[in-house]
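Reader: Before I set up any calculation on this model, I would like a close look at a single part of it. Please take one charged side chain away from the surface and describe its surroundings, then place that part within the rest of the chain.

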Amino acid sequence: MLVSTKEIEVRYAETDQMGVVYHANYIIWMELGRTQFVKDLGFNYAALEEQGVLSPVLDIQASYKKPLHYGETATVKTWVEAYDGLRTTYGYEIYNQEGILAVSGSSLHTCVKKDSFRPISLRRKFPDWHEAYENAKK
């Protein structure tokens, strides 16, 4: 199972009035983790989109355990929790700089044609991606 790691310096603009990271920013960090995961597999989201394929979020979940603050470094760990050739569930854990779990979550995605939003099978359309995801999943 491949687990990608992405470090993020918490910026002031990502915090709320309480001085902690605003909850929606963790969702953005999950996207950064997903993008890193795809890169670590040797692929590129932008190249997929250039071929007329998008990967929308169907569902997303986050459990907040411990706040992160401005000036800290967050580490996002990302992996494929489940993959069936049509849908992919990514798992996430976001840690503070002491290695304490701050957020855990998951997101469910599918690939669709950009012009029609009809689902496509990675297995048929992109066999190299399919094989990489099969080998990388949990």
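Author: What follows looks at R34 and its surroundings, and then at the core and the salt bridges of the chain. The model is a predicted one, and the residue to begin with, R34, is found in helix α1, which covers residues 23-40. R34 is buried and yet has no salt bridge, for the nearest side chain of opposite charge, that of E31, is 4.8 Å away; because a salt bridge requires a side-chain nitrogen of Lys or Arg within 4 Å of a carboxyl oxygen of Asp or Glu, that pair does not count as one. What R34 does have is a polar contact of 3.4 Å, which joins its side chain to that of H109. Leaving aside neighbours within four places in sequence, R34 is in contact with Y45, V57, T78, Y90, Y92, S107 and H109.

The helix that carries R34 also takes part in the largest nonpolar core, to which α1 gives five residues, the largest share. That core has 31 residues, of which W29, L68, I94, W129 and Y133 touch the most other members, and the elements that give two or more residues to it are α1, α2 (45-50), β4 (73-83), β5 (87-95), β6 (101-110) and α4 (127-136). Among the core residues just named, Y133 touches F37, V38, L41, V80, Y83, T88 and Y90, not counting residues up to four places away in sequence; Y90 is also one of the contacts of R34.

Although R34 has no salt bridge, the structure holds four of them. One joins the side chains of R11 and E14 at 2.7 Å, N to O, where R11 is exposed with a relative accessible area of 54% and E14 is buried with 5%. Another, at 3.1 Å, joins K138 and E81, and this pair links distant parts of the chain, since K138 lies in the segment after α4 and E81 in strand β4, 57 residues apart. K138 counts as exposed at 59% relative accessibility, whereas E81 is partly exposed with 32%. A further salt bridge, also listed at 3.1 Å, is formed by E134 and K137, of which E134 counts as partly exposed at 30% and K137 likewise at 26%.

As for the chain as a whole, four helices and seven strands are present, and 41% of the 138 residues count as buried. Among contacts between residues at least 6 apart in sequence, 66% join residues at least 24 apart.

Note on methods. Residues numbered from 1 in each chain as written. Predicted model: local features only at pLDDT ≥ 70, side-chain atom pairs only at ≥ 80, totals over all residues. Heavy atoms only, no water. Buried < 20%, exposed > 50% of the residue type's maximum accessible area, 1.4 Å probe, protein only. Lys, Arg positive; Asp, Glu negative; His and termini not counted. Polar contact = N/O pair within 3.5 Å; in protein donor to acceptor, adjacent residues only side chain to side chain. Contact = heavy atoms within 4.5 Å. Core = buried A, V, L, I, M, F, W, Y, C linked by side-chain atoms within 4.5 Å.
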